[in-house]
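Biologist: I'm new to this structure and would love a close look at one part of it. Could you pick a single turn and then lead me outward from there?

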Amino acid sequence: MGEPLQRVFVPSVTEEEGGTLGLGCFSSEETAWQVLRAFLKKSEQMLLQACSVVVWDVDIVGEDAMTVLSSMECKDCPVCGRRTFWIDVDNFSALCHGTACSAWIEENTVDPEIIDCGWPTIRFLKQNKSIEEAVESLFKLGDRLKSAGEERMDQTSAEQMLEDDTD
Ligand SMILES: [Zn+2]
């Protein structure tokens, strides 16, 4: 027999209708995140609103037993328009889990004043002053893709289109 469990990690997602789905209860934070990330790939087929990883200390009564490690909200992706864009409000980061999209926003690793955003399909990368500006940049990109009339354009044509459009 090993050491008795002191704490467990519980990932869960909330559906738009308000129902919460528990995804299991794990002995390590890493596993909890793996399970949650794998599940978020299904965001495309479901209308999800939020998700979180919570740690519970065992044998403790009441709300002191529970700590929210991280929580994220799901929004419509500025680039592909699907409800697959997960925003971590505490850490200023976001990632689209939609197939073949992966639009992202992250705090710059060197300068925390800068918020980076990008879209890997065409290696689009832009530095912004705020998370709002980063979201705005991605929306502009999404609009340009839409007005080009192709939902899934290939890399070359997307790059060409953006070059034509640089200031
Ligand atoms: Zn997307």
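Modeller: Happily! Let's start at the hairpin of β5 and β6, where four residues lie between the strands and phenylalanine 92 takes a positive phi near 50°. Keep in mind that this is a predicted model. The two arms of the hairpin, β5 and β6 (residues 93-96), run antiparallel and are joined by four bridges. One pairing to look for is tryptophan 86 with its bridge partner in β6, leucine 95.

Now step across to β4, which runs antiparallel to β5 and is joined to it by three bridges. Here glutamate 73 has isoleucine 87 of β5 as its bridge partner. Moving on again, β4 (residues 66-75) is linked to β3 (residues 48-57) by seven bridges, and this pair is antiparallel too. Within it, valine 53 is matched with serine 70 of β4.

Let's zoom out to the sheet. These strands belong to an open sheet of nine, with antiparallel pairing and the order β2-β1-β3-β4-β5-β6-β7-β8-β9. At its edges stand β2 (20-22) and β9 (124-128); each has a single partner strand, so one side of each is left without a neighbour in the sheet. From one strand to the next, the twist averages 20°.

Two helices complete our tour. Helix α1 (residues 29-40) packs on the sheet and touches β1 (7-15), β3, β4 and β5 (85-88), its direction making about 15° with that of β1. So our hairpin's β5 is among the strands that α1 touches. Helix α2 (residues 131-147) also packs on the sheet, touching β7 (104-107), β8 (115-119) and β9, and its direction makes about 20° with that of β8.

Note on methods:
Residues are numbered from 1 along each chain as its sequence is written. This is a predicted model: local features need pLDDT of at least 70, side-chain atom pairs count only at pLDDT 80 or more; totals for chains, interfaces and linings use all residues. Two strands pair if DSSP finds at least two bridges between them. Axes are lines fitted to C-alpha atoms, for helices over the stretch in contact, and angles run from 0 to 180 degrees between N-to-C directions. Two residues are in contact if their C-beta atoms, placed from the backbone, lie within 7 Å.
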